[in-house]
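Work through the following exercises with the sequence and the structure at hand. Each task is followed by a solution in steps.

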Amino acid sequence: MRRTILAALGLALFATPALADWQTTLAAARGQTVYWNAWGGDARTNAFIDWVGQQTEKRYGVKVVDVKLSDTAQAVTRVISEKAAGQNSGGSVDLIWINGPNFLSMKDKGLLYGPFVKDLPNSKFLDLSSTSPNSRDFTVPVDGYESPWRLAKFVFTYDSARVADPPRTMQALLDWAKAHPGRFTHPDVSNFMGATFLKQALIDLAPDPYVLQQPATDATFAKETAPLWKWYDALRPNLWHHGESFPANQSVQNQLLNDGEIDMSMSFDPASAAAGIQQGLLPKSVRVFVPEGGSIGNVSFVAIPYNAAHKAGAEVVANFLLDPTVQARQQNIDVLGSYSVLDPARLDAAEKAAFAALPTAPALPTGAELGSTELEPHPSWMTRLTAAWAKRYTK
Amino acid sequence: MKVEGRALRGIVLLLVFGGIVLPILAGFWQTARAAFGVMPALGDRTASLAPWYTLFALPGFATSLRLTLVTGFGATALALILATGFCAAVHGRIGPQAAARMLSPYLATPHAAMAIGLSFLIAPSGWVVRLLSPWLTSWRVPPEAITVGDRWGLALILGLLVKEVPFLLLVILSALGQIPVRRHLAQGRALGYGRGIVWIKVIMPQVYPLIRLPIYVVLAFTLSVVDVSIILGPSNPPTLSVAVLRWFSSPDVNRMMPAAAAALLQAGIVLAGIALWWAGERTVIRLGHWWIGRGGRGLSAEPGLWMASALVAGLMALGALALVVLLIWSWAWRWSFPEALPQSWSARNWIDPSGSWYRALAATVEIGLATTGISLALAVAWLEGEQRVGGGRLRWATGLIYLPLLVPQIGFLYGLNVVFLEAGLGGSMAAVIWAQTLFVFPYVMITLSDPWRALDRRLVAAAASLGATPLGRLVRVKLPILMRPILTTAAVGFAVSVAQYLPTLFMGAGRIATLTTEAVTLSSGSDRRIVGVYAILQSALPFAAYGAAILLPSILQHNRRALTGGFS
């Protein structure tokens with residue numbers, strides 16, 4: 001009896017305040033303007049962020065300003081220089097589209113606000129168990145410091161008018177590149193897409209891929225990357241521009257594909273080919289394929305800096321992004337074509353139906369075609385990979 | 001009057017010192033602290049040389065350095081040679097008015113827009129190849145050639161030439177107005193020298209001192225340019241300035257300190273570069289004295305002059321095509337290789353439901369008007385103070401004004417941002433306007449001081465003898481007479497403001513988006529159609545300003561015949 005009362009008391013103390021807290025958050029957020037810092041190179045994402053802002057203003061009185069970055073690290077740098085100047089509140093960045101090394105860097109340096117994810121009412125639609133991709137960002141525990149937004153998965157795109165049968169293993173890719181010199185390349189490795197390509201190759205070529213889940217040491221790094229470098233040394237002379245220069249990012253590489261300078265590109269968004277065709281940015285014959293053994297996948301998040309001026313508003317936006325109708329809209333190929341992070345098992349029938357009713361397109365891969373998802377290696381592998389690559393090939 | 005003039009000049013000097021020199025010094029100080037390992041935000045408080053060792057050990061550092069030097073000196077020297085050759089060949093054949101009209105589109109178009117257009121023009125899959133394919137070349141896919149982003153930086157040099165040659169042409173043409181070219185040419189020809197040789201031996205030695213400062217500005221700019229380098233330069237490794245920006249924005253925050261060291265180094269390179277150029281001048285002067293004194297005749301420089309003219313004409317054609325192709329892209333929907341023109345057209349790029357280009361346009365105009373207004377007011381006060389004191393230019397003070405043009409922006413902008421943040425001004429419109437004024441004011445001074453000093457003093461004296469007060473003389477005599485050069489100056493200032501990239505990026509904390517920051521950001525994406533829209537707007541704004549500068553005086557002063565076309 002006593003225990004029940006205590007439990008009830010506990011519930012009263014911990015459960016209701018959460019809801020009450022959300023009411024407080026909503027009240028505090030009203031009238032705020034959230035400066036959302038996001039990579040601005042994708043017009044559809046920019047349009048989607050605009051739409052989100054219109055909705056949150058209408059529903060919660062929260063305005064969103066899309067601060068378009070050419071590199072997410074700019075927002076990190078901004079928060080660091082604000083901290084350098086002692087500006088510990090009223091900062092200029094309220095919300096960042098973030099993941100991987102940028103997240104690790106901010107979390108390590110104590111630059112993030114949180115944990116806040118469990119405070120968001122819509123987090124009930126998420127699988128937040130410790131092994132879920134929502135809880136581990138590049139193997140780093142999220143600990144509630146960033147809220148999931150959209151799903152990313154590595155895919156190759158190719159022009160089916162020029163490539164009949166795309167190479168589905170790294171070895172086949174090398175053979176294909178030798179047979180078609182100058183027709184393949186990857187984004188610069190200083191860009192995350194270029195680094196991801198190397199990681200994908202590393203996972204496929206490493207003698208023991210499980211080691212990649214642990215932080216890299218000098219010994220494991222040398223051992224696991226040896227086959228990768230051998231493969232890459234053979235590949236590089238056959239790349240576009242003889243592997244001496246690289247497109248700055250995946251958008252520039254897509255442009256090269258559209259210009260016919262190369263036959264293949266890559267993306268972290270399985271819907272990007274279909275989206276590109278729809279926008280007139282890619283030839284209608286472009287299709288998607290995934291390496292035989294599956295490909296790297298991860299979740300993109302939004303995070304709030306420790307000194308953000310409008311934390312309540314930022315939480316409202318983060319929560320709104322997890323609304324099933326918003327996630328369904330975002331997955332719509334006509335809008336953004338970015339896969340949902342919600343757990344289908346936690347949706348009711350109507351919400352599931354909204355996802356099932358989404359339109360399809362010829363260049364949009366089915367779930368089966370996307371194959372299995374491989375885990376991101378620990379971030380130390382990416383840091384070491386890019387450094388080692390620069391050392392070997394930036395002369 | 002003298003006292004009053006001194007006070008006026010003192011106030012302006014104070015403003016210039018407090019508003020320009022101090023912030024730059026403060027910016028350098030903050031950058032230098034980081035360069036020597038002092039960054040309290042990262043918990044580093046003890047000075048060390050570690051960032052420098054890291055910098056020198058970074059892969060590709062030596063190549064970046066070499067690229068910067070080759071493209072910077074190469075572009076400046078080539079631009080000077082080409083502009084001189086062109087002037088020698090066409091001088092006397094084109095009037096200064098016509099020349100200014102011809103050059104203004106090139107001057108008005110921001111570097112980034114020109115570079116974006118040019119990169120599409122000369123790429124293996126670009127417009128030139130598309131126009132010739134497949135009917136002439138039989139290429140169904142683009143040839144395997146490297147044009148944009150070649151590892152020697154040739155495309156980058158070309159892109160810089162397209163912008164810097166017209167600038168130097170304008171500077172040389174206006175300097176020629178101060179020299180009796182015709183008479184010297186005739187005398188030289190009479191002594192048996194060819195036209196080209198007279199130019200080299202007689203005219204250029206007189207022109208050079210008048211254009212030395214603009215040449216230093218060009219050199220400083222080409223050694224530290226960022227936006228053009230991102231678009232046209234090599235990427236692995238890039239030029240030093242781009243590498244610095246990359247390190248500043250690296251996810252690995254430990255790169256910040258080597259980045260600050262590199263930013264300082266960049267400043268050192270520019271200063272050393274100017275010193276080196278100056279030493280080169282001394283050598284050329286010695287050799288030149290000996291060569292001129294020898295009096296050799298019969299040597300012909302004509303073929304060289306005509307080649308230079310042909311190259312300049314080629315550059316101008318490339319620049320014009322680059323702008324045309326941007327205009328086409330902004331109305332295109334689907335345009336793939338090898339079509340000469342888009343397969344489908346659309347107005348969708350211009351229809352902007354979210355109003356983002358409209359907002360950027362409004363911000364650009366607002367900042368441009370504010371910076372131009374402030375700079376113009378400062379310049380008029382400075383020049384008026386100078387005249388009231390009576391003559392004597394303060395040479396060292398003039399040097400201060402040009403400081404922002406001669407030290408690379410990246411060297412102090414990071415530190416300046418820290419200073420502004422500490423003052424609670426970070427990310428505000430005011431911070432951007434201030435930072436841009438640093439770079440707009442020098443150009444305004446360069447443009448306005450000659451016509452101002454050339455004003456016929458007798459007019460002012462006549463007004464004074466009729467009882468006009470100093471203020472009355474300024475407002476009712478000088479300003480109306482100088483309306484045309486003042487408006488031209490305003491147009492120049494406005495154009496400089498529109499083109500500012502790094503100051504807006506650093507000081508605006510990304511919150512203030514102008515056409516230029518949006519265009520450069522978008523060019524990191526792939527949508528040439530949207531980039532086309534921004535680049536066209538970016539070029540159209542300064543162009544409208546130049547147009548207004550030409551039209552307004554004719555309308556407002558249509559009944560003042562002696563003022564129309566009197567000063568230029």
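The exercises below treat each chain, then a helix, a single residue, the domains and the chain contact.

This is a predicted model, in which local features need pLDDT of at least 70, side-chain atom pairs count only at pLDDT 80 or more, and totals for chains, interfaces and linings use all residues. Residues are numbered from 1 along each chain as its sequence is written, and chains are lettered from A and ligands numbered from 1 in the order in which they are written.

**Exercise 1. Describe the make-up and the compactness of chain A.**

Step 1. Helices (H or I, at least four residues) and strands (E, at least two) are DSSP runs, numbered from the N terminus. Chain A holds 14 helices and 11 strands.

Step 2. The radius of gyration is taken over C-alpha atoms, and the globule rule is 2.2 Å times the number of residues to the power 0.38. For the 395 residues of chain A this rule gives 21 Å; the radius of gyration is 22 Å, close to that value, so chain A is as compact as a globular protein of that length.

Step 3. A residue is buried if 20 or more other C-beta atoms, placed from the backbone, lie within 10 Å of its own, exposed if 12 or fewer, and partly exposed in between. Of the 395 residues in chain A, 55% are buried.

**Exercise 2. Describe chain B in the same way.**

Step 1. Chain B contains 23 helices and 2 strands.

Step 2. With 568 residues, chain B has a radius of gyration of 25 Å, close to the 24 Å of the globule rule, so it is as compact as a globular protein of that length.

Step 3. Along the principal axes, the C-alpha atoms of chain B fill a box of roughly 70 × 60 × 55 Å. Buried residues account for 50% of the 568 residues in chain B.

**Exercise 3. Examine the length, bend and packing of helix 7 of chain A.**

Step 1. The expected span of a helix is 1.5 Å times one less than its number of residues. Helix 7 of chain A (residues 218–235) has 18 residues and should therefore span 26 Å; its end C-alpha atoms are 25 Å apart, which agrees.

Step 2. The bend at a residue is the angle between axes fitted to the seven residues ending there and the seven starting there. Helix 7 of chain A bends by about 45° at Thr225(A), and Pro227(A) follows within four residues.

Step 3. Buried in this helix are Glu224(A), Thr225(A), Leu228(A), Tyr232(A) and Leu235(A). The buried residues of helix 7 of chain A pack against helix 5 (170–179), helix 6 (192–205) and helix 14 (379–393) of chain A, where contact requires C-beta atoms, placed from the backbone, within 7 Å.

**Exercise 4. Is Pro51(B) buried or exposed?**

Step 1. Pro51(B) is located in helix 2 (residues 50–57) of chain B.

Step 2. Pro51(B) counts as buried because it has 25 C-beta neighbours inside 10 Å.

Step 3. Leaving aside residues up to four places away in sequence, Pro51(B) touches several residues, including Phe36(B), Met257(B) and Pro258(B).

**Exercise 5. Locate the domains of chain A and their contact.**

Step 1. By an automatic or database domain assignment, chain A is divided into domain 1 (2–149 + 300–359) and domain 2 (155–297 + 371–393).

Step 2. Their C-alpha centres lie 30 Å apart. Domain 1 of chain A gives 14 residues to the contact, and domain 2 of chain A gives 15.

**Exercise 6. How many residues does each chain give to the contact between chain A and chain B?**

Step 1. The contact takes 57 residues from chain A and 46 from chain B.

Step 2. On the side of chain B that touches chain A, helix 16 of chain B provides the largest share, 4 residues.

Key. Two residues are in contact if their C-beta atoms, placed from the backbone, lie within 7 Å.
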